Amino acid sequence: MSQPAARLPLWVDFGLIPLLNLVAAFAVAGLVVALIGENPLDVARIILYGAFGYGEGVGFTLFYATNFIFTGLAVAVAFHAGLFNIGGEGQAYIGGLGVALVALGLDPYLPWWLLAPLAVIGAALFGALWAWIPAVLQAKRGSHIVITTIMFNFIAASLMAWLLVDVLNPGAGSMSPGTRFFDAEAVPPRLSEILAPFGVDLGGSPANLALVAAVLAALGVWLLLWRTRLGYEIRALGHNSSAAAYAGVPIARVIIIAMLISGALAGMMALNPVLGDQGRLLLEFPGGAGFVGIAVALMGRSHPLGVIFAALLFGMLYQGGSELAFEKPSISRDMLILIQGLVILFSGALENLFRPALARIFAPRAA
Amino acid sequence: MNLDKTEPTAVPAAIELIGVSKSFGPVKANSDIHLRVAKGAIHGIVGENGAGKSTLMSILYGFYQADSGEIRVNGQPVRIRDSQEAIRLGIGMVHQHFMLVENFTVLENVLLGAEGGALLGKGKAEARAKLAELAREHGLEVDPDALISDLPVGAQQRVEILKALTRGAEILILDEPTGVLTPDEADQLFEVLRQLRAEGKTVLIITHKLREIMAITDAVSVMRQGRMVGTVRTAETSPEQLAEMMVGRRVLLKVEKGPANPGPAALTVENLTLRDGAGVERLKNVSLTVRRGEIVGIAGVAGNGQSELLEAIAGLRRPTSGRILLDGTPIPHDPRALREMRLAHIPEDRHKMGLVLKFETRENSILGYHLDHRYGGALFDRAAIEAECQSQMEAYDVRPPNSRLKTANFSGGNQQKIVLAREFERGPHALLIGQPTRGVDIGAIEFIHRRIIEMRDAGKAILLVSVELDEIRSLSDRVLVMFDGRIVGERSPEADERELGLLMAGVTGAGERGAA
Ligand SMILES: Nc1ncnc2c1ncn2[C@@H]1O[C@H](COP(=O)(O)OP(=O)(O)OP(=O)(O)O)[C@@H](O)[C@H]1O
Ligand SMILES: [Mg+2]
């Protein structure tokens, strides 16, 4: 009955292994960089400097990380229930609609601090709604959630394109399809404005209060999963659905609830770019953050704290990468996607690459 | 220690272990193990749950590396780094949980890992010929083109053995091979093992069933808490002596129980019929009554509807027709509500149903009762859960008593105790108990049996399902026999074993006594 599944000390499992995976990803990326005739150390320096070297860079890194925390948490919650929610992108997109409707409807009347909580509700509600139909189809009909959520990403994209081009578009003079700008009074202040009195300079970066919401959401997810009965039922279902049925867990209901929470978290990602940054709803604003969330959840082991760290890493890659593309024209955007792909490959798909070797080293002394 | 020192040393032992040790962190799974397995013998290994038997076999098969010590195969010192190496040395292993690809055919499974080239054609033809030859020699008949998923467990096990033999195994290791077999299949397996011995092959077999040890082995080694207590010749020992060596004290191999004092009916099943998803009738018009203070045992070969019966009563499967009454009221189809009505359920398969193996054990200690307000309000009261788990672990002597350890890391017997503690300690009125001692060592069996009798004497109504006829006979006050989804007869537990056996095989009519 005992299988040879060696247990490792926590710091190896959650510290050393992710680190080694990263180092491997960067080593391969460095090789590719060297192949196209650039100095990998130079490139690494530019990325790191771009992401953390100066206030505005840090601000941008945090801005991107905020998106990824939300979408990473969304994927993580579904993972715990044994569900693979690929639909974060679509849920975030529709979540943006929720934010925009609240803002467009109420911005003449409400100050930002009254409007923001309503926008949070709008984002969560619309994101959850977009996850609801695939969830019901999975729970009641057994339609595979991977397939349905992918389809719902496409439906969301078409729906939003129509809405933004033909319905919500103010028309005159608007270059990119989108809604009108929200009233400036309705847009929450940026972190740069809030922190400036304390001598922190985040430059013109778009990081905003959504970051605080994201961290609170991570705390909430942690509480939910490990401190509440619902979280207990979600995890029981994810680990062993027969045992969950035996324990009287209402399986269909828990599947649906877990997906609603997941969709709500994905939807809340929209707060960051829509309300916090652009002050309007733009076509294709999620920009792939929903998919990055999958990598973030994988890398963060579906633990909220892990998700925050992984989101910061990807935020760094995004921001440092833009800087790189600017400084080294020979390195194209595709190169950055390659690096991100390598990170995903090593920390997701090849997650167990170093495990057997480490098991040999650490398991005998493991607690 | 009565190690057989008299063994002639001229023929090297098939396997010799000299001072082998292996630790998992603070747990000394094997310490300083010495073992000689004579060539051409069937050698048994017994010991309590967690004694280190599987670990020792895994070292032999290259899954684990020993921390220290020496291994000799046919007299040659060897290092077994992985199972490839073990196979090269002629060691084959049949795992307790089969490692077969369900949607491959027998032939494809045998070929797996030994394809012999990129194109399958040649290897396949060779394997087919080899299979036919082995089947003829050893009576290991299986259809090479059958899908594994279509085969009964006994046949699947034969495939595992064939797999080892086609790779040239001279030494075959079997870890608890009979746990999942029907008595008939077990007999067939023993026939095969005797055949292999006759050809000079060596067999190492782990089992908790002393009866099997006595029936088939030539010598038997006893392990306790990671140490080798001794090796004895089977002919010179007895189950009682082995049990004492294993546990370190005398063990009651027979259940001691007074007469039952049955009260009013607690659980009544009326004309229950159940069709599964594929439309096959699994239960056919089953009726039975369990009174307070009695144990009703359901005997039968696995797969004759016992599992469906338990699950239907437990609210996990919806019957097609019929009624189930608990204390006179029809039961809801809802495990949660049934728990509130004080019906406890020990599922037949603790891994599949009774436990979430990846949970910490304290989380498993409230599985199914997790909504109880005792465990907190909006958030769990972790101190209350911890206290609950501690008291359960203490009452059932779960070892190690570490509530934060993942349940997967407990030995089988201890996992079973975790389930029993959870279900028994909440004062149920009626109990459904499936296979309570599967894979459990004799010390724990004694303990579990005693608890079940205690529950009966405390006036609980108990419905017991087990494929172990001995267990049914020694625990039950009445025995119902199931065959093909029906209850085909009721007998007293003292009834002739042969007669029960015939009933279990569906032969009715002979000597009908009493009524259900
Ligand atoms: N991979 C592992 N990591 C940590 N501890 C382990 C591991 N495998 C086994 N153990 C521990 O080593 C001891 C021996 O386990 P082993 O599985 O060999 O026992 P066993 O005699 O086969 O028991 P059973 O009869 O229940 O199958 C137990 O205390 C077990 O908890
Ligand atoms: Mg074992």
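**Helices and cores of a two-chain model**

Me: In this predicted model, which residue just after α13(A) takes a positive phi?
Reply: The place to look is just after α13(A), where one residue has a phi of about 55 degrees. That value is positive, and the residue that takes it is A:R301.

Me: Is helix α13 of chain A largely enclosed or not, and how many of its residues are buried?
Reply: Helix α13 covers residues 289–299 of chain A, 11 residues in total. Among the buried ones are A:A289, A:G290, A:V292 and A:G293, and A:I294, A:A295, A:V296, A:A297 and A:M299 are buried as well. The helix is largely enclosed by the rest of the structure, because the number of its residues that are buried is nine.

Me: Which residue with a positive phi follows α9(B)?
Reply: Helix α9 spans residues 306–313 of chain B, and seven of its eight residues are buried, so the helix is largely enclosed by the rest of the structure. The buried residues include B:Q306, B:E308, B:L309 and B:L310. After this helix comes a residue whose phi is near 80 degrees, B:G315.

Me: Which residues have the most contacts inside the largest nonpolar core?
Reply: This core has 156 residues. Its largest share, 12 residues, comes from helix α3 (residues 55–80) of chain A. A second, separate core of 34 residues includes B:L140, B:L165, B:L181 and B:L196. In the largest core, the residues with the most contacts are A:F68, A:F314 and B:F424.

Me: Which residues of α13(A) that are buried does A:F314 touch?
Reply: Leaving out residues up to four places away in sequence, A:F314 touches A:F68, A:Q340, A:V343 and A:I344, among others. Its list of contacts also holds residues of α13(A). These buried residues are A:V292, A:A295, A:V296 and A:M299.

Me: At what angle do the axes of α5 and α11 of chain A cross?
Reply: Two packed helices are described by the angle between their axes and the distance between the axes. For helix α5 (residues 112–141) and helix α11 (residues 251–268) of chain A, the axes come within 6 Å. The crossing is right-handed. The angle is roughly 145 degrees.

Me: How many residues in the contact of α5(A) with α11(A) are nonpolar?
Reply: On the α5(A) side the contact includes A:V120, A:A123 and A:W132, and on the α11(A) side it includes A:I255, A:M259 and A:L260. Four residues of this contact are polar and one is charged. The number that are nonpolar is 16.

Me: How far apart are the C-alpha atoms of A:V254 and A:E233?
Reply: A:V254 lies in helix α11 of chain A, and A:V254 is buried, with a relative accessible area of 2%. Leaving aside neighbours within four places in sequence, A:V254 is in contact with A:E233, A:I234, A:L237 and A:V249. Although A:V254 and A:E233 are 21 residues apart along the chain, their C-alpha atoms are separated by 7.3 Å.

Me: What is the relative accessible area of A:V274?
Reply: A:V274 is found in helix α12 (residues 271–278) of chain A. Residues that A:V274 touches include A:G96, A:V99, A:F182 and A:F285. A:V274 is buried, and its relative accessible area is 0%.

Me: How far apart are the end C-alpha atoms of helix α8 of chain A?
Reply: Helix α8 (residues 210–227) has 18 residues, and among its buried residues are A:A210, A:L211 and A:R227. At 1.5 Å a residue, this helix should span 26 Å. The model agrees with this, since the end C-alpha atoms are separated by 25 Å.

Terms used: Residues are numbered from 1 along each chain as its sequence is written. Chains are lettered from A and ligands numbered from 1 in the order in which they are written. This is a predicted model: local features need pLDDT of at least 70, side-chain atom pairs count only at pLDDT 80 or more; totals for chains, interfaces and linings use all residues. Side-chain values use heavy atoms; hydrogens and water are left out. Helices (H or I, at least four residues) and strands (E, at least two) are DSSP runs, numbered from the N terminus. The expected span of a helix is 1.5 Å times one less than its number of residues. Buried means under 20% relative accessible area, exposed over 50%, partly exposed in between (1.4 Å probe, protein chains only). Contact means heavy atoms within 4.5 Å. A nonpolar core is a set of buried Ala, Val, Leu, Ile, Met, Phe, Trp, Tyr and Cys residues joined through side-chain atoms within 4.5 Å. Axes are lines fitted to C-alpha atoms, for helices over the stretch in contact, and angles run from 0 to 180 degrees between N-to-C directions. A crossing is left-handed if the near helix is turned anticlockwise from the far one by less than a right angle, and right-handed if clockwise. Ala, Val, Leu, Ile, Met, Phe, Trp, Tyr, Cys and Pro count as nonpolar, Asp, Glu, Lys and Arg as charged, and the others, Gly among them, as polar.
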